[in-house]
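Reader: I have a structure here that I would like to walk through with you. Could you take my questions one at a time?

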Protein chains: 2
Amino acid sequence: MPVYKAPTRDTKFVVNELIGLDRFTNLPGFANATRDLTDAVIDEGGRFVSEVVAPLNQIGDREGCTRHADGSVTTPTGFKHAYRQYVEGGWATLSAPEAFGGQGLPHAIGFVMEEYLASANQAFAMYPGLANGAISAILSKGSAEQQATYLPKMVTGEWLGTMNLTEPHCGTDLGLLRTRAEPQADGSYAVTGTKIFISAGDHDLSDNIIHLVLAKTPGAPESSKGISLFIVPKFLVNADGSLGARNAVSVGSIENKMGIHGNATCVMNYDAATGFLVGEECKGLAAMFIMMNAARLGVGMQGLAQAEAAYQNAVIYAQERRQGRAPTGPAEPQHKADPLFVHPDVRRMLMDAKTFTEGMRALSLWGGFQVDLSHHAATEEERIAADDVISLMTPVIKGYGTDMGYKIATDMQQIWGGHGYIAENGMEQFVRDARIAMIYEGANGVQAMDLCGRKLAQHGGRAIQRLFALVDDEVAAAGTELAAVAGPLSKANGELKAATMWFMHNAMTDPNALGAGAYAYMTLTGVVSLGLMWLKMARVAAAALDAGSDEAAFYHAKLTCARHWATRFAPQAGALRREVEAGADTVMALPIEAFATA
Amino acid sequence: MPVYKAPTRDTKFVVNELIGLDRFTNLPGFANATRDLTDAVIDEGGRFVSEVVAPLNQIGDREGCTRHADGSVTTPTGFKHAYRQYVEGGWATLSAPEAFGGQGLPHAIGFVMEEYLASANQAFAMYPGLANGAISAILSKGSAEQQATYLPKMVTGEWLGTMNLTEPHCGTDLGLLRTRAEPQADGSYAVTGTKIFISAGDHDLSDNIIHLVLAKTPGAPESSKGISLFIVPKFLVNADGSLGARNAVSVGSIENKMGIHGNATCVMNYDAATGFLVGEECKGLAAMFIMMNAARLGVGMQGLAQAEAAYQNAVIYAQERRQGRAPTGPAEPQHKADPLFVHPDVRRMLMDAKTFTEGMRALSLWGGFQVDLSHHAATEEERIAADDVISLMTPVIKGYGTDMGYKIATDMQQIWGGHGYIAENGMEQFVRDARIAMIYEGANGVQAMDLCGRKLAQHGGRAIQRLFALVDDEVAAAGTELAAVAGPLSKANGELKAATMWFMHNAMTDPNALGAGAYAYMTLTGVVSLGLMWLKMARVAAAALDAGSDEAAFYHAKLTCARHWATRFAPQAGALRREVEAGADTVMALPIEAFATA
């Protein structure tokens, strides 16, 4: 059975040394984040996840969820018990606001737990993960009464939540929604329609499930401007907070999927279910994006999380499995063969994985920190700057993070050879589970368009200019001993600048050029962002070594990974820029008939 | 349910126009390959595969194979009936020698059928596919008596065959084999041991199964030089050719795998089973490589095959599914949304897929043609040249072909969005099935080492020099209208030359440098080889257009794909060269402890 151990030392490196979170306890929203507390959260959270949640990963995959004859849904063996422990341990409340019973810790700390949970058991992690999106929407757009009614129980995790967007005929294009919401005399709405692909749509983990549902009110425009958001609880909530009548929402079926079997992906039928408008009619899209952006960062971390889990098991196998000899001669002549670890191509994959996972962990937690700064930084200017950066980075963390997560999980499976293809060894589950993260919460091509068609242009390109400057500043701050990293990063940043310039000059005259180059541009931004993290980490590591740290091996490894980024990741930047600059020419040249098989 | 239609027009383009197979009918081994006949084989083979074999792909995935209480194994519903039609249609015999009842057609034609079968149903295709490897070994190393006993029934497909290499503790490192073969008084051997991952290890498709088994004779050296190859039939064959006693070989279990569920991947137990030595004792490795090389080309085509099948279904979906609007404004304003096909990022993936599958089809069939030339070309010099090329290209076709096959299958699944993750739509099966091809018959890292550690150095680098020359000659022959392809190809070839030179200068002094760069080098060779095919195809297409072909759209599409290779694939060459040149430095720097989770 695969194992998982939360990488707590590396997390603390990012939180304490790279971000230096406890330097910000003077700010609101950071006040509770003393180093003692965050270290304890990291250690205890890691322990809980590794011991309680991870052992259920393979069981969940094998059993899946069950829809019973009465329409009720049960989760795999052990999920309910583990979830109760999760709630009782207060793990759901970490970064939720204190006003509703949360611990008021920074998002950066909430993200730590999201990574650990997703590594241990992505299907399990999605139950609270989806609820986070629902909480964000109610926090941001719900009325005071709605907040008081739903948030306290949602924050503790006693109630869970879902996001209902997709319908059979529409996913990305929400303007096509058919679900209808008819206003009722009492101010509520009767919601009718079918939603599909609803993660955690029903289950036995919580007493109630608060569905957030996109629907159209009568006469609303036939576009995404006609969408409204509704709260549709599984059980209506009485005035005293107790559970009332069962609402007219039911599970039509559970999808049979490639992976994340432990999560109930439901077809949801709303039959004049009672719903409550969140915010104003036809303003649902903005609320949806609030849910979505929270969810996208979480999904980006799922890429990291699956890569990390797969990596840990590949490291163990590379050490235990003996096959062949080192190219330099027998490394362990007392054995008939050397461990896989001696083979440079195995080591290449492990180094790629280490460089990606540690770099992505830094990028994700640093991203979470930008979310915190965007709310709580001391000045308006700093808040705007942080918001610019995280708005820009959200599609990159989601898109690049999940593409690479899948790639690395596949590499780690490869290290296991034929044994990696066998279900009981668990490596193939990491790949199957990682695959969905490239698709849901906006397929990665949609992320690329969000980045290039929307985020690049906002405020005259202010956000991307900030990224350029962050990189340039970091390069300028690097001493000569970091030149082997700073040089390639500066060059990669130059490629990104050139690609950006190319878009500026060509996307207006050829609207297809943006779409044709967007994916390569997103990947290029990912490469540069990872490099930014590695140069930052290298600087911290070099300083620790200069200060005579007694963890020299740890910091030396950081410097090695930074150089690995520079020699193995950075070279892609030039190729990606050329892909952007190739434009739409060959991409859009052929008619549909040319793709038909003759 | 996913569909599959054999791409017969494109196959004929490669066979008739690119290779021009019927120009060689003066040579032995090509004599039967008149254009009328090969066109008929392509059409009829394609029809048979699409109508009979493809509809069983999803059934096979869902049902898998069953080991019954008596140890017998049955294949999924319909496989037995389809296989009988396959045998009766003579499809097994295409490129088998006429002396044993084959049709004596070139390997290039046999490969056509291998591609079609693997696209339609990879799990099904593996039953005859593995038999091909066994046939090759007996043809090349078996005694006249062995050939007479086994080949006629194997060639028709009445009997199938397997390759038994792997054991629980050894895959790549065959020196560790523990299966023993004790000589018996009658000249046979008693074979005892456990083999794992035996594809098509047992089933109900054929009356007999001829297992080819690697084992060690008493006193044999403890390395791959101590390996011998044995024929171990499921049923012993009487002198009159009838089936005799059941041999002491049994199926311990069937593996539960990520994909190819329709193929019975067996644990095989040999309990003093009667085996017959093939060739000489301790010369099994050479025979194994004969099986392996045949199988590796077939596996490389599985990458192409899964990409092609996934691509066809992505094209259909891109046309039928409506979501959003074209960047240039509504393409079909009469509908509420445009087809996915209008989106440049969708089109990018389709163009990548078309460029890969058509390029890889050309490379694979041209590779099969080199196999034919290596046996039958008019002069010794030509035969050696062809053998050099196909020896070099075998790991590239296997490694690059399957890596890209998996990537493209994943891209095509991506076009389906969330629906691609749902089992019943079939897109995720293509990905799961494609995944194994990167692992079996030598994991792709092993292919990279075969290329760089073995094939590059043979005969003083003669083979890679031939590839350089093939590319340079093709570039020189390209007119100015093909400069947009020839230029990037020449540049990519330059990168490959530089990477080769780097190996020459550095691999001797640092044995790890070869291993650290081998994978990037293999990919780089793949990129260049695909480009060589595209420039060749572009030249043929340009000539056809100049000649006023009435299939102008077909040939224009070829020119567009060639330019797509040049703008979207070729740029990777520089990055890959830089990866090679990065050497083993960061790759081998860290000790195992640095990879452990703290």
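Reader: Which are the buried residues of helix 11 of chain B?

Author: Happy to start there, with a word on the ground rules. This is a predicted model in which local features need pLDDT of at least 70 and side-chain atom pairs count only at pLDDT 80 or more, while totals for chains, interfaces and linings use all residues. Residues are numbered from 1 along each chain as its sequence is written, chains are lettered from A and ligands numbered from 1 in the order in which they are written, and side-chain values use heavy atoms, with hydrogens and water left out. Helix 11 of chain B spans residues 427-437, and 11 of its 11 residues are buried (helices, H or I with at least four residues, and strands, E with at least two, are DSSP runs numbered from the N terminus; buried means under 20% relative accessible area, exposed over 50%, partly exposed in between, with a 1.4 Å probe and protein chains only); the residues are M427(B), E428(B), Q429(B), F430(B), V431(B), R432(B), D433(B), A434(B), R435(B), I436(B) and A437(B).

Reader: What is the area buried between chain B and chain A?

Author: The size of an interface is often given as the accessible area lost when the parts come together. Here the contact (heavy atoms within 4.5 Å) takes 97 residues from chain B and 96 residues from chain A. Carbon and sulfur atoms give 59% of the buried area, which is the accessible area (1.4 Å probe) that two parts lose on being put together, summed over both. The total is about 8500 Å².

Reader: Which three residues supply 10% of the area that chain B buries against chain A?

Author: No other three residues supply more of the area that chain B buries against chain A. The trio is Y421(B), R568(B) and F595(B).

Reader: How many salt bridges does the rule find across the interface of chain B and chain A?

Author: Side chains of opposite charge can pair when their charged atoms come close. The rule for a salt bridge asks for a side-chain nitrogen of Lys or Arg within 4 Å of a carboxyl oxygen of Asp or Glu. One pair meeting in a salt bridge is K336(B) with E222(A), at 3.5 Å from N to O. Across the interface of chain B and chain A, the count is 6.

Reader: Which helix gives the largest share of the side of chain B that touches chain A?

Author: That side divides into 43 nonpolar, 29 polar and 25 charged residues (Ala, Val, Leu, Ile, Met, Phe, Trp, Tyr, Cys and Pro count as nonpolar, Asp, Glu, Lys and Arg as charged, and the others, Gly among them, as polar). The largest share is 7 residues, and it comes from residues 344-376 of chain B, helix 9.

Reader: Is E579(B) buried or exposed?

Author: E579(B) sits in helix 17 (residues 572-581) of chain B. Beyond its neighbours within four places in sequence, E579(B) is in contact with T567(A), R568(A) and A520(B). The C-alpha atoms of E579(B) and A520(B) are 6.4 Å apart, although 59 residues separate the two along the chain. With a relative accessible area of 15%, E579(B) is buried.

Reader: Which residue forms a salt bridge with E474(A)?

Author: E474(A) belongs to helix 13 (residues 462-477) of chain A, and because its relative accessible area is 4%, E474(A) is buried. Its contacts outside four places in sequence are L532(A), L535(A), K536(A) and R539(A). The salt bridge has its closest N and O atoms 2.7 Å apart, and the partner is R539(A).

Reader: Which helix holds that partner, R539(A)?

Author: The pair links distant parts of the chain, with R539(A) and E474(A) 65 residues apart. R539(A) counts as partly exposed because its relative accessibility is 39%. Its place is residues 511-546 of chain A, helix 15.

Reader: How many residues apart are E380(B) and R383(B)?

Author: These two form a salt bridge, with the closest N and O atoms 3.2 Å apart. Both lie in helix 10 (residues 380-415) of chain B, and the separation is about one turn of the helix, 3 residues.
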